[in-house]
Amino acid sequence: MTCIVKHGSGEKVVAMAREVGVSGEIIFNARGAGIRERLGLWGIAVEVDKDVVTMMTSIENRDLLIHHLYTKLGLNRPGAGVVYATALDKVATYIPEAVLSTLEKEGPQ
C-alpha cells in the first residue's frame, strides 16, 4: 500500500494504519510535480513537499485500511492525497534459522 499526503501528515497515516493492525511503515519525503505546482504566482514553479508512506498488509486488511485512510484523512477532498494498493509478488528478507527450519519441516502450505 502507498499513501501520498501533504508534508507533515505521514505520522497520521502511520497512526491510522496501526489502528487497523498494520505495522512496519516507511515514511519518506517527495516533491509533487502536478499542474498545480507549475501554475504558481507569475508562472513560477511552486515546490510542494509530500509524505509518501509505504506499508505491507494482507489482502484481508487491504480494503479496511484503504477505507480507514480515505475517510479519516479526508482524501475525498481535492489535493488531500491519494492511497492505492499494489500487488506484491515476491519479498526477500532475513529469516532467522529457527523460523526457516520450521518452515522447511512444514513444507509448502
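Mentor: Before we start, a handy definition: a salt bridge is a side-chain nitrogen of Lys or Arg within 4 Å of a carboxyl oxygen of Asp or Glu. Keep in mind that this is a predicted model.

Trainee: Thanks! Which side chain of opposite charge is nearest to Asp-51, and how far away is it?

Mentor: Asp-51 sits in strand E3 and is buried. A salt bridge needs a distance within 4 Å, and Asp-51 has none. The nearest side chain of opposite charge is Lys-12, at 9.8 Å.

Trainee: Which side chain makes a polar contact with the side chain of Asp-51?

Mentor: Let's look at the surroundings: Asp-51 touches a run of residues including Lys-6, His-7, Gly-8 and Ser-9. Its side chain reaches the backbone nitrogen of Ser-9 at 3.3 Å. The side-chain partner, at 3.0 Å, is His-7.

Trainee: Now the sheet. Why is one side of strand E2 and of strand E4 left without a neighbour?

Mentor: The sheet is open, with four strands in antiparallel pairing and the order E2-E3-E1-E4. E2 (26-32) and E4 (81-84) each have one side free because they stand at the edges, each with a single partner strand. On average, neighbouring strands here are turned against each other, direction ignored, by 20 degrees.

Trainee: How many bridges join E2 to E3?

Mentor: These two strands run antiparallel, with E3 covering residues 48-54. As an example of pairing, Arg-31 has Asp-49 in E3 as its bridge partner. The number joining E2 to E3 is seven.

Trainee: And which helix lies across E1, E2 and E3?

Mentor: Look at residues 10-19, which run at about 20 degrees to E3. That helix is H1.

Definitions and conventions. Residues are numbered from 1 along each chain as its sequence is written. This is a predicted model: local features need pLDDT of at least 70, side-chain atom pairs count only at pLDDT 80 or more; totals for chains, interfaces and linings use all residues. Side-chain values use heavy atoms; hydrogens and water are left out. Two strands pair if DSSP finds at least two bridges between them. Axes are lines fitted to C-alpha atoms, for helices over the stretch in contact, and angles run from 0 to 180 degrees between N-to-C directions. Contact means heavy atoms within 4.5 Å. Buried means under 20% relative accessible area, exposed over 50%, partly exposed in between (1.4 Å probe, protein chains only). Lys and Arg count as positive and Asp and Glu as negative; His and the chain ends are not counted. A polar contact is a pair of N or O atoms within 3.5 Å; within protein, one must be able to donate a hydrogen and the other to accept it, and residues adjacent in sequence count only if both atoms are side-chain atoms. Lists of a residue's contacts leave out its neighbours within four places in sequence.
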